[in-house]
Amino acid sequence: MLSRSIFTVAAALVASATQTAAFAPSHGVQQQQSRQFRSTELKMAGPAQVDLTGKVAFIAGVADSSGYGWAIARSLASAGATIIVGTWPPVLKIFQMGLKKGSFEEDSELPDGSKMVIEKVYPLDAVFDSAEDVPEEIRTNKRYAGLEGYTIEEVAKAVEADYGKIDILVHSLANGPEVTKPLLETSRKGYLAASSASAYSAVSLLQKFGPIMNDGGNMLSLTYIASEKVIPGYGGGMSSAKAQLESDTRVLAFEAGRKWGVRVNTISAGPLKSRAASAIGKEPGQKTFIEYAIDYSKANAPLAQDLYNDDVGNSAMYLCSSMARCVSGVTLYVDNGLHSMGMSLDSESMSDRNA
Ligand SMILES: NC(=O)c1ccc[n+]([C@@H]2O[C@H](COP(=O)([O-])OP(=O)(O)OC[C@H]3O[C@@H](n4cnc5c(N)ncnc54)[C@H](O)[C@@H]3O)[C@@H](O)[C@H]2O)c1
């Protein structure tokens, strides 16, 4: 079921690990680019006001410190939550090696000077719901060698065995093997793969983890404005998958609210130069998709400021805390307000007005 093309994306993700430092920084983030991924980080200002002591947070989709999953983990950790993560098998080894070597030490720093501890890393492939779904080609694939129990149902069981109940479930993952293709050129297989990995995976996660979530818990996912407005370059059915994710957020909020007393929300995040986003696409001699998106946001958003992964982490901390105990079914924009614009300030047709 998991096609070779997904491995191509995986390879691109792994490859981008070594390439990202060489990317030309986008215009808006130049001053902060003092080390790899610097542009994605905002040191939190002070001690968290939210207390999540005694809460357990499972964050699906963490494999390095560049993305939103890591920042959400760090924000929740700063408020006292116990952090456990789910990591995609093809990138598990490189992540574990990084953790062991201390590559993420600096990015683990919390406002009180202590370090975030990831208590446990579970291998998780969110395109498989239960053990029967894993095809032979995956079971025998060398990237999955020595691993078992990485389907959503098995991971939920393992988490239950280790921690009993959890309070916070975060879906911070996406994959679209044909993301660089326009929708008009996307195959059925590519479209459904994007939907499976990026949208149904959230439904399945809540199905399997809901029964082990405490009343008052929160599920959170990450979406992107391409769900509702056309973003050229975000192809392969990824825009469709994000639209599904947002619609499912509302339906799941109703169903999980009534069933388990669990809230379900999604953050529509602005562009961030994460590893996954850096792999989306690049034409020879041009910037990457995500560099264009960051520069466009800086030029056109109501707030002309950099957006860091910690900005999303802090909004996630609010949504996952009891401060948001009556908030469910929302798509919260954390994008410097870009979603509200209907005209591009830097459009050529506006140039004489802007002069
Ligand atoms: N970076 C952006 O500009 C941006 C903007 C809006 C929303 N988002 C969303 O944020 C979320 C996190 O992405 P990110 O950009 O921070 O990058 P990221 O690379 O930190 O996270 C993506 C993760 O998904 C994992 N993954 C891929 N397929 C998987 C599978 N089948 N099972 C389990 N894990 C799998 C990858 O290994 C990776 O760790 C995604 O949903 C993304 O669409 C990102």
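A nonpolar core is a set of buried Ala, Val, Leu, Ile, Met, Phe, Trp, Tyr and Cys residues joined through side-chain atoms within 4.5 Å. Buried means under 20% relative accessible area, exposed means over 50%, and partly exposed lies in between (1.4 Å probe, protein chains only). The views below show a predicted model: local features need pLDDT of at least 70, side-chain atom pairs count only at pLDDT 80 or more, and totals for chains, interfaces and linings use all residues. Residues are numbered from 1 along each chain as its sequence is written, and side-chain values use heavy atoms, with hydrogens and water left out.

**View 1. The largest nonpolar core has 37 residues.** Ile59, Leu76, Ile83 and Ile267 touch the most other members. Helix H2 gives the most to this core: six residues. A second, separate core has 28 residues, including Phe58, Leu124, Ile166 and Ala256. In soluble globular proteins, nonpolar side chains tend to be buried together.

**View 2. Helix H2 spans residues 68-78.** Helices (H or I, at least four residues) and strands (E, at least two) are DSSP runs, numbered from the N terminus. How many of the 11 residues of H2 are buried? The count is 11 of 11. Among them are Tyr68, Trp70, Arg74 and Leu76. Just after H2, glycine 80 takes a positive phi of about 100°.

**View 3. Isoleucine 267 and its contacts.** Contact means heavy atoms within 4.5 Å. Not counting residues up to four places away in sequence, Ile267 touches Leu220, Ser221, Leu222 and Thr223. Its other partners are Val312, Ser315, Ala316, Leu319, Leu332 and Val334.

**View 4. The second largest pocket holds about 680 Å³ of space.** On a 1 Å grid over the protein atoms alone, a pocket is an open set of points where a 1.4 Å probe fits, with protein on both sides within 12 Å along at least five of seven lines; lining residues have an atom within 4 Å of a point. Its volume is the space filled by probe spheres set on the points, which are joined across faces, edges and corners. The lining has 30 residues, and Tyr224, Val230, Ile231, Pro232 and Phe289 lie nearest the centre. Strand E6 (263-269) and helix H9 (289-300) each give two or more residues to the lining. H9 supplies the largest share, four residues.

**View 5. The whole chain has 11 helices and seven strands.** Of its 355 residues, 53% count as buried.
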